[in-house]
Amino acid sequence: MDELRVRAAALVQRHPKDARLRRVGTSRAGLPLWLLSVGHGSRQALVVAGPHANEPVGGATALRLAERALADPRLCEGADATWNLLLCLDPDGARRNEGWLSGPYTLGHYFRHFFRPGFREQPEWLPDGADCAALPETRALLDLQDELRPFFQCSLHGVDVGGGFVELTRELPGLAPRLAHTAARLGIPLELGPYDTLYWPTLGPAVYRIPPPRRADLAAAITEAAVESTWFHPHRYGTVTAVVEAPMWGVRAVGDASPPADADEALRAVSRTLRRDTRVLEALLTRIRPGLGTAADTASLLAPVDDYLLVGPGLADSWDPDTEAGDGTHPLPPLDTARLTALRISARRIALRTAGLLHQLVTRAGCDPSGALPDLDRLIDVWCADYHDGHQARWIPVARQVEYQARVVLHAFELAGRRAPVSRPGASAVGGPPAKAEVPFE
């Protein structure tokens with residue numbers, strides 16, 4: 001966190017005429033929210049890094065985008081654009097992930113130090129609508145969106161295990177082939193059926209359309225992610241929002257579109273495993289809870305644990321072909337190897353995140369009267385081995401994650417610019433022909 005601000009300030013010092021750094025808000029714990037702006041164009045682009053606490057690559061991507069915009073006049077003057085880069089939306093949560101950020105980059109180390117707040121404490125979501133948004137980080141972002149009215153917004157996310165993909169609030173024709181080209185050049189697997197987009201329209205390989213938001217109960221909101229959010233808040237200004245997901249550990253099978261041998265049996269196995277893992281974790285929580293106390297730190301770790309344990313059984317039922325779950329309004333789409341792999345990874349992710357949070361609850365308590373820590377260590381090791389050996393999950397170097405994410409953002413920026421034409425002296429900023437110049441970002 002500190003390094004991001006220092007590097008941004010150094011960049012401004014080197015380019016005082018074209019770069020600015022200002023504080024646009026304060027986190028719940030009193031940490032500043034820093035906005036780095038580059039260029040002086042009339043059209044605003046907004047890039048949001050660090051919306052999820054455990055996804056740190058976006059901060060480095062934001063700095064790289066700032067450097068590219070300063071080095072290439074086509075990205076600012078040529079596009080009549082100003083780049084506004086929010087360096088981290090959830091600095092409090094990012095601080096709590098610093099235990100794994102310096103390495104070693106192993107799955108076990110990551111999950112034992114994993115933190116992500118409960119659903120209602122994640123600043124991009126608006127489960128009660130924008131008018132009722134209470135988190136100061138959320139209010140700062142909403143105010144920034146209303147101030148800038150960006151033609152393009154990008155939210156920088158990370159996939160812990162899986163592949164890259166992009167989610168859009170409006171279609172950007174031509175993005176899918178550019179995404180495929182970038183991923184192939186950098187050796188990044190693309191996810192052809194991520195769990196997040198299970199029920200969403202596909203706009204092209206690894207590109208998905210975010211459905212309009214709707215009110216939903218907490219379980220549905222967590223599992224379908226179609227609730228009100230800051231992704232859609234600037235929709236009224238004509239903004240196109242792109243959510244760019246970059247993987248930390250890549251899995252090639254998430255890009256395998258071949259038909260599976262027996263999809264129903266695979267779904268039964270995933271559902272059985274998730275139910276079993278949830279029962280094991282619920283029993284461990286029952287053992288651990290009496291010795292935890294009521295400290296704020298304990299409550300912040302318990303909130304996501306409760307969320308994950310809430311959604312696990314419902315997900316298992318919704319995937320199981322032998323279970324009549326819900327009202328039948330969300331039947332599973334046709335399942336290829338990629339989608340089945342994504343579901344396996346997602347089920348295991350829920351269990352590993354829960355186990356990692358329980359592990360921290362015990363270690364931070366300073367004692368383990370229930371004797372749960374050895375059981376948690378064993379579960380984390382076994383489940384991480386399933387990722388590493390069963391799915392061949394392999395760490396992607398940070399520099400490659402950043403370069404991939406930056407190139408995808410630049411492609412989306414250029415395509416979004418065609419929807420919102422470059423303003424010219426004496427011409428309307430909303431009328432006239434679309435910009436025709438293509439920017440070579442590869």
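**Buried strands and unusual backbone sites in a predicted model**

From strand β3, the side chains of Arg-43, Ala-45 and Val-47 point one way and those of Gln-44, Leu-46 and Val-48 the other way, and all of these residues are buried (under 20% relative accessible area, with exposed meaning over 50% and partly exposed in between, for a 1.4 Å probe and protein chains only). The model is a predicted one, in which local features need pLDDT of at least 70 and side-chain atom pairs count only at pLDDT 80 or more, while totals for chains, interfaces and linings use all residues. Residues are numbered from 1 along each chain as its sequence is written, and side-chain values use heavy atoms, with hydrogens and water left out.

It helps to begin with the chain as a whole. The chain contains 13 helices and ten strands; these are DSSP runs numbered from the N terminus, with helices being H or I of at least four residues and strands being E of at least two. The radius of gyration of the chain is 22 Å, close to the 22 Å that the globule rule gives for 442 residues, so the chain is as compact as a globular protein of that length. Here the radius is taken over C-alpha atoms, and the rule is 2.2 Å times the number of residues to the power 0.38. Along the principal axes, the C-alpha atoms fill a box of roughly 70 × 50 × 40 Å.

Of the 442 residues, 56% count as buried. Among contacts with a separation of 6 or more, 80% come from residues 24 or more positions apart, a contact being heavy atoms within 4.5 Å. The chain exposes about 17600 Å², and carbon and sulfur atoms supply 54% of that area, as computed by the Shrake-Rupley method with a 1.4 Å probe; for residues, only the protein chains shown count as cover. As for charge, the mean positions of the 48 positive and 53 negative charges are 5 Å apart. In that count Lys and Arg are positive and Asp and Glu negative, with His and the chain ends not counted, and each charge is placed at NZ of Lys, CZ of Arg, CG of Asp or CD of Glu.

Back to the strands, where β3 makes a good starting point. Six of the six residues of β3 are buried, so this strand is largely enclosed by the rest of the structure. In a regular strand the side chains alternate between the two faces of the sheet. Strand β3 (residues 43-48) runs parallel to β4 and is joined to it by six bridges; two strands pair if DSSP finds at least two bridges between them. Along this pairing, Gln-44 stands opposite Thr-82, and Val-48 has Leu-86 as its bridge partner.

Strand β4 (residues 81-86) likewise has six of its six residues buried, so β4 is largely enclosed by the rest of the structure. Ala-81, Trp-83 and Leu-85 point one way from β4, Thr-82, Asn-84 and Leu-86 point the other way, and all are buried. Strand β2 (residues 32-38) pairs with β4 in the antiparallel sense over four bridges, with Leu-35 opposite Leu-86.

Strand β3 also pairs with β5, in the parallel sense and over four bridges, with Leu-46 opposite Gln-153. Eleven of the eleven residues of β5 (residues 152-162) are buried, so β5 is largely enclosed by the rest of the structure. From β5, ten bridges lead on to strand β9 (residues 240-250), and the two run parallel; His-157 of β5 stands opposite Glu-245 in β9.

Several loop residues also deserve a look. Arg-170 sits in the loop between β6 (165-168) and α7 (175-186) and, at 19% relative accessibility, counts as buried. Leaving aside residues up to four places away in sequence, Arg-170 touches Arg-209, His-235, Gly-238, Thr-239, Val-240 and Arg-419.

The backbone offers some further points of interest. Gly-103 and Pro-104 are joined by a cis peptide bond with omega of about 0°, and Pro-104 is placed in the loop between α4 (98-101) and α5 (107-112). Ala-206 is not a glycine, yet has a positive phi of about 70°. Ala-206 is found in the loop between β7 (202-204) and β8 (207-209) and is buried at 0% relative accessibility. Gln-392 also has a positive phi, near 55°. Gln-392 lies in the loop between α12 (373-390) and β10 (394-395) and, at 45% relative accessibility, counts as partly exposed.
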